[in-house]
Amino acid sequence: METTDQIVPATAPAAPRRGLGRDALVGGICGAVVVLMVGASYAAVPFYNWFCRATGFNGTTQVATAAPSSAPLARRIGIRFDANVAGGLPWKFEPEKTEIEVAIGEVVTVYYKVTNQAARTTMAQAAYNVTPLTSGAYFQKINCFCFTEQTMAPGETREMPVVFYVDPAITADHENDGLKTITLSYTFYPVRDAEPKPVAAGEPDKPRGNL
């Protein structure tokens, strides 16, 4: 009996499983994008604040460490002072003078007056800007109460100085050629309840002695 060899068809090689590797790659890219977006959101606020301080954008004033080296100019400009208090803060806040006229480059000290009208200690901090917004890059503050949180005792009244000058460089900015008046505006916002809690309210009762 004659036997015939049976030809077994060769098994085709298995196709490489590309789906899993591609999914892992896509997942990794998506994760990296999410991390970058979260990091960018946290960095956006300090970057915006730095940008405003560096450029005067949105009326943000500049911080100077000393008076200008040159003498004040003959050109004069009016400075108006505005005071506001956010809701929920029981303070009375107002400038001692609503408007003055200064020479450009002249160092000037003005005062705001604030009173805590509450029967408890309160704490707040001021936000500020100047208008027109294009003048922010030239309004130089040497000293200002807005740099620190302010804590006021019940019924306390305080005078708060602002020391500033208008940078003579503003005369080279033709966008401000017709500028006659700059308005410096402050708004106090509550920071937190500064009234200390009684010890009994902050600590739970503890058993004394051996039970």
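Accessible areas here come from the Shrake-Rupley method with a 1.4 Å probe. With that, the chain exposes about 14000 Å². Carbon and sulfur atoms supply 57% of that area.

Now, a caution before we go on. This is a predicted model. Mean pLDDT for the chain is 77. Of its residues, 62% reach 70 or more. Two stretches deserve care. Over residues 37–59, pLDDT stays under 50. The model still has 22 contacts there beyond four places in sequence. Residues 199–211 also stay under 50. For that stretch the count of contacts beyond four places in sequence is 0.

Next, the layout. The chain has 2 helices and 10 strands. Reading from the N terminus, the elements go α-β-β-β-β-β-β-β-β-β-β-α. Of the 211 residues, 30% count as buried. Take the contacts in the chain with a separation of 6 or more: 76% of them come from residues 24 or more positions apart.

On to the sheet. Which strands make it up, and in what order? It is an open sheet of 5 strands, ordered β1-β7-β9-β5-β3, and the pairing is mixed. At the edges sit β1, residues 62–63, and β3, residues 91–95. Each of these edge strands pairs on one side only.

Let me walk through two of the pairings. Strand β5, residues 108–116, runs antiparallel to β9, residues 157–166. The two are joined by 8 bridges. Lys113 has Glu159 in β9 as its bridge partner. Tyr111 stands opposite Pro161 in β9. The other pairing is β7 with β9, antiparallel again, over 5 bridges. There, Phe139 stands opposite Val166 in β9.

One residue in β5 is worth a stop: Thr109. Is Thr109 buried or exposed, or something in between? At 40% relative accessibility, Thr109 counts as partly exposed. Setting aside neighbours within four places in sequence, Thr109 is in contact with Pro161, Val162 and Val163. Thr109 and Asn143 are 34 residues apart in sequence. In space, their C-alpha atoms are 8.9 Å apart.

Now the core. In soluble globular proteins, nonpolar side chains tend to be buried together. Here, the largest nonpolar core has 33 residues. Which residues have the most contacts inside it? They are Ile79, Tyr112, Phe145, Phe164, Tyr186 and Phe188. Many strands feed this core. At least two residues each come from β2 (76–85), β3, β4 (99–103), β5, β6 (122–131), β7 (139–144), β9 and β10 (181–193).

Look at Phe145 in particular. Its relative accessible area is 5%, so Phe145 is buried. Beyond its neighbours within four places in sequence, Phe145 is in contact with Phe93, Tyr112, Ala126, Gln150, Met160, Pro161, Val162, Tyr186 and Phe188.

That brings us to the aromatics. One aromatic cluster is formed by Phe81, Trp91, Phe93, Tyr112, Tyr128, Phe139, Phe145, Phe164, Tyr186 and Phe188. Counting ring pairs with centres within 6.5 Å, there are 12 aromatic pairs. Start with Phe93 and Phe145. Their ring centres are 6.0 Å apart, with 85° between the planes, and the pair is edge-to-face. Why does this pair tie together separate parts of the chain? Phe93 lies in strand β3, while Phe145 lies in the loop between β7 and β8 (150–152), so the pair joins parts that are 52 residues apart in sequence.

Phe93 has another partner, Phe188. The ring centres of Phe93 and Phe188 are 4.9 Å apart and their planes meet at 75°. Planes over 60 degrees apart count as edge-to-face, so this pair is edge-to-face. Where do the two residues sit? Phe93 is in strand β3 and Phe188 in strand β10, 95 residues apart, and the pair links these distant parts of the chain.

How buried are these two rings' residues? Phe93 has 8% relative accessibility, and Phe188 has 0%. The cut-off for buried is under 20%, so Phe93 counts as buried, and so does Phe188.

To close, three points to take away. The sheet runs β1-β7-β9-β5-β3. The largest nonpolar core has 33 residues, Phe145 and Phe188 among those with the most contacts inside it. And treat residues 37–59 with care, since their pLDDT stays under 50.

Notes: Residues are numbered from 1 along each chain as its sequence is written. This is a predicted model: local features need pLDDT of at least 70, side-chain atom pairs count only at pLDDT 80 or more; totals for chains, interfaces and linings use all residues. Side-chain values use heavy atoms; hydrogens and water are left out. Two strands pair if DSSP finds at least two bridges between them. Helices (H or I, at least four residues) and strands (E, at least two) are DSSP runs, numbered from the N terminus. A nonpolar core is a set of buried Ala, Val, Leu, Ile, Met, Phe, Trp, Tyr and Cys residues joined through side-chain atoms within 4.5 Å. Buried means under 20% relative accessible area, exposed over 50%, partly exposed in between (1.4 Å probe, protein chains only). Contact means heavy atoms within 4.5 Å. pLDDT is the predictor's confidence in each residue, from 0 to 100. Rings of Phe, Tyr and Trp (its six-membered ring) pair if their centres lie within 6.5 Å; planes under 30 degrees apart count as stacked, over 60 as edge-to-face and the rest as tilted.
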